[in-house]
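Work through these short exercises with the model on screen. Try each task before you read its solution.

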Amino acid sequence: LKQAPHARFGIPGGALAPRPAMDAFLNEGNACFVGEDYDRAIVHYTTALEKEPTAKLYENRAAAYLKLGKFDKVVEDIDAALAYPKVSPIAHRRRGMGLFYLGEFAAAKKSFEAEIAMCESAMATTWVRKCEAELSGSTLPLRGLTFGERVPKTAKVEDTRPPAQPTPAATEAPKPAPAPAPAPEPAAEANRAISGRPKIRHEWYQSTTHVMITIFAKKCTQDDVAVEFGARQVGVTIKLPGSDGEEYQQEWSLAFPVDPAGCSYEVTPVKVELKLKKSEADNHWKSLEPTDLPVAAEVPAAYPTSRPQKKDWASIDKEIDAELKAEKPEGEEALNTLFRQIYSNASEDTRRAMVKSFQTSGGTVLSTNWDEVARADYEGKDRPSAPEGQVWVDPKTGKSKQ
């Protein structure tokens with residue numbers, strides 16, 4: 001693992017760049033991305049873009065924006081990347097994810113299909129299925145639905161009345177009876193809120209100190225949102241704009257304790273983001289909620305109600321996660337997956353060794369031995385040889401080093 005010039009372990013776009021003038025900033029951004037410091041990664045990518053913009057740099061910055069939930073910025077950067085003659089297939093996926101979480105499901109579906117056209121991808125096919133489910137309004141399980149299929153629609157009602165007999169002496173033919181209206185689609189109607197609005201989705205991610213829950217509720221104000229933080233649970237109520245008293249309500253039992261005093265939330269035009277402070281820093285959560293809790297059965301209301309029904313997509317998300325884990329990567333993606341697994345399961349010293357060796361060596365060394373890395377001077381006496389066709393550059397002067 002010491003010499004791995006092409007090991008990216010989750011860094012978008014790789015570590016090496018053929019343009020020495022921006023190489024240092026690109027490597028700094030990649031190192032910050034690996035360390036889950038996405039704000040600093042964006043600063044370094046932006047500096048590199050100011051020096052010499054490339055499609056790959058736009059893709060890298062879009063990946064960081066995606067981690068922060070800034071989906072409009074994701075779409076903006078990928079659109080800029082697509083103006084260049086060559087982009088990677090995953091650029092279309094990131095654009096599709098940004099559009100999906102902005103609620104533009106039809107446009108998102110086209111982006112995922114563009115990725116599939118470039119390279120067959122089970123992940124992109126799964127996203128296409130999610131877009132189709134959103135567009136159809138279905139909350140039925142999607143297992144067994146293949147790419148290109150649609151949720152079947154109810155057939156139109158046929159007119160079974162006997163044909164009218166002709167009138168011999170009529171001077172004007174009677175007007176035909178109007179065609180019967182098509183039958184409603186019960187599956188789609190039953191799974192939408194009474195207002196007809198689509199369901200509201202949420203997702204979560206984490207850093208070493210916080211867990212973030214993003215709820216994609218648009219056009220909400222601070223007064224519309226109420227959040228209650230507890231040590232092992234969090235609840236949120238959102239008054240939905242443009243509705244007559246309709247509310248979104250959700251409560252999570254947390255897998256690990258948090259510090260309620262250190263928790264906060266932010267309301268933006270496209271989302272509500274909860275920021276939960278972990279009670280134990282560097283504790284990597286495998287799931288948001290405890291995995292051993294039984295799933296409570298839904299009890300239908302015993303009386304008519306106008307309250308919006310909660311729509312649970314947790315089962316579909318679990319199926320998607322299972323499919324993605326079952327997908328076996330090949331080639332360079334298999335190498336990337338290996339390094340992501342090493343980093344996610346590593347100890348703190350191992351992570352420090354990987355980040356420092358990768359960052360200070362300009363992306364040419366990746367070591368997991370902290371005792372060795374702590375003593376090494378990759379910028380000086382222990383600096384490795386530059387890859388073929390490249391030279392070391394002083395980031396301050398921009399001049400080549402010998």
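**Exercise 1. Place proline 260 in the chain and describe its surroundings.**

Step 1. Proline 260 sits in the loop that links strand S5 (247-253) to strand S6 (264-267). Helices (H or I, at least four residues) and strands (E, at least two) are DSSP runs, numbered from the N terminus.

Step 2. A note on the source: this is a predicted model, where local features need pLDDT of at least 70, side-chain atom pairs count only at pLDDT 80 or more, and totals for chains, interfaces and linings use all residues. Residues are numbered from 1 along each chain as its sequence is written, and side-chain values use heavy atoms, with hydrogens and water left out.

Step 3. Proline 260 has 34% relative accessibility, so it counts as partly exposed. (Buried means under 20% relative accessible area, exposed over 50%, partly exposed in between, with a 1.4 Å probe and protein chains only.)

Step 4. Leaving out residues up to four places away in sequence, proline 260 touches Phe229, Gly230 and Ala231. Contact means heavy atoms within 4.5 Å.

Step 5. Lysine 277 is 17 residues from proline 260 in sequence, and their C-alpha atoms are 7.4 Å apart.

**Exercise 2. Work out how helix H5 packs on helix H6.**

Step 1. H5 covers residues 89-101 and H6 covers residues 105-118. Their axes lie 8 Å apart, at an angle of about 165°. (Axes are lines fitted to C-alpha atoms, for helices over the stretch in contact, and angles run from 0 to 180 degrees between N-to-C directions.)

Step 2. That angle makes H5 roughly antiparallel to H6. The cut-offs: under 35 degrees is roughly parallel, over 145 roughly antiparallel, 65 to 115 roughly perpendicular, and the rest oblique.

Step 3. Find the residues that meet. Among them are Pro89, Leu99 and Phe100 in H5, and Phe105, Phe112 and Met118 in H6.

Step 4. Sort the contact by class: 10 nonpolar, 3 polar and 3 charged residues. (Ala, Val, Leu, Ile, Met, Phe, Trp, Tyr, Cys and Pro count as nonpolar, Asp, Glu, Lys and Arg as charged, and the others, Gly among them, as polar.)

**Exercise 3. Are cysteine 32 and cysteine 220 buried or exposed?**

Step 1. Cysteine 32 has 7% relative accessibility, so it counts as buried.

Step 2. Cysteine 220 also comes to 7%, so it is buried.

Step 3. Now count disulfides: the structure holds 0. (A disulfide is a pair of cysteine sulfur atoms within 2.5 Å.)
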